Amino acid sequence: MPKDKKDSIVPLESVVSRIFLVRGQKVMLDADLAELYGVTTKRLNEQVKRNIDRFPLDFMFQLNAREHSSLRSQFATSKEKSGRGGRRYMPYVFTEHGAIMAASVLDSERAVQVSIYPLGWAGTDPCVRFLKK
């Protein structure tokens, strides 16, 4: 991350387009949240597993096969057709509270910055601010 902590603004639409309704809750996929926080999905999930007591079911849960299949048409999957990459497990999803808790367990300056600004889950905030990559 650059030393000059210049602010960047991310349009709300780019965050809102990554929020899905699953089991009656607004959630964000682990891969999207990791990208927003500037860490890998693997790193995000490792930190969550190390701090699992901070993530009750109303903060985070794993999609089942039907839910994952339903969402797959709404987002791109990684290299699954070429036989390389792709997910070997069902993705985790995070509610707004889970997303903020995830920021607290990550050692990422960007995660801290994102967590102190509203993520726009209610759809009323004009933008989300965070540090540049």
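Two strands are said to pair if DSSP finds at least two bridges between them. In this predicted model, strand β2 (residues 19-22) and strand β3 (residues 25-29) are joined by four bridges and run antiparallel.

**The sheet**

β2 and β3 belong to an open sheet of four strands, whose order is β2-β3-β5-β4 and whose pairing is antiparallel. β2 and β4 (60-62) form the edges, each pairing on one side only. On average, and with direction ignored, neighbouring strands of this sheet are turned by 45° against each other. Two bridges connect β3 to β5, and these two strands run antiparallel.

Several residue pairs across the strands can be named. The table lists them by strand.

| Residue | Opposite residue | Strand of the opposite residue |
|---|---|---|
| Phe-20 | Val-27 | β3 |
| Leu-21 | Lys-26 | β3 |
| Val-22 | Gln-25 | β3 |
| Leu-29 | Val-93 | β5 |

In a regular strand the side chains alternate between the two faces of the sheet.

**The hairpin turn**

The hairpin of β2 and β3 has two residues between the strands. Arg-23 is placed in this loop between β2 and β3. Its phi is near 55°, a positive value in a residue other than glycine. Is Arg-23 buried, partly exposed or exposed? With a relative accessibility of 46%, Arg-23 counts as partly exposed, because that class lies between the limits of 20% for buried and 50% for exposed.

**Helix α2**

Helix α2 is largely enclosed by the rest of the structure, because six of its eight residues are buried. The buried residues in α2 are Asp-30, Asp-32, Leu-33, Ala-34, Leu-36 and Tyr-37. After α2 comes Gly-38, which has a positive phi near 75°.

Asp-32, a residue of helix α2, is charged and buried, yet has no salt bridge. Which side chain of opposite charge is nearest to Asp-32? That side chain is Arg-18, 4.0 Å away. When neighbours within four places in sequence are left aside, Asp-32 is in contact with Arg-18 and Phe-20. Phe-20 is thus named twice in this account, as a contact of Asp-32 and as the bridge partner of Val-27 in β3.

**The nonpolar cores**

In soluble globular proteins, nonpolar side chains tend to be buried together. The largest nonpolar core in this model has 22 residues. Those with the most contacts inside this core are Leu-33, Tyr-37, Leu-44, Phe-55, Phe-94 and Ala-102. At least two residues of the core come from each of the elements α2 (30-37), α3 (41-50), β5 (92-94), α5 (96-105) and α6 (109-116).

Leu-33 shows how these parts meet. Not counting residues up to four places away in sequence, Leu-33 touches Met-28, Leu-44, Phe-94, Ala-99 and Ala-102. Leu-33 is also one of the buried residues of α2.

Another core, of eight residues, lies apart from the largest one. Phe-20, Val-27, Phe-61 and Leu-71 are among its residues. Phe-20 and Val-27, both members of this core, are also bridge partners, with Val-27 in β3.

Key. Residues numbered from 1 in each chain as written. Predicted model: local features only at pLDDT ≥ 70, side-chain atom pairs only at ≥ 80, totals over all residues. Heavy atoms only, no water. Core = buried A, V, L, I, M, F, W, Y, C linked by side-chain atoms within 4.5 Å. Buried < 20%, exposed > 50% of the residue type's maximum accessible area, 1.4 Å probe, protein only. Contact = heavy atoms within 4.5 Å. Axes fitted to C-alpha atoms, helices over the stretch in contact; angles between N-to-C directions.
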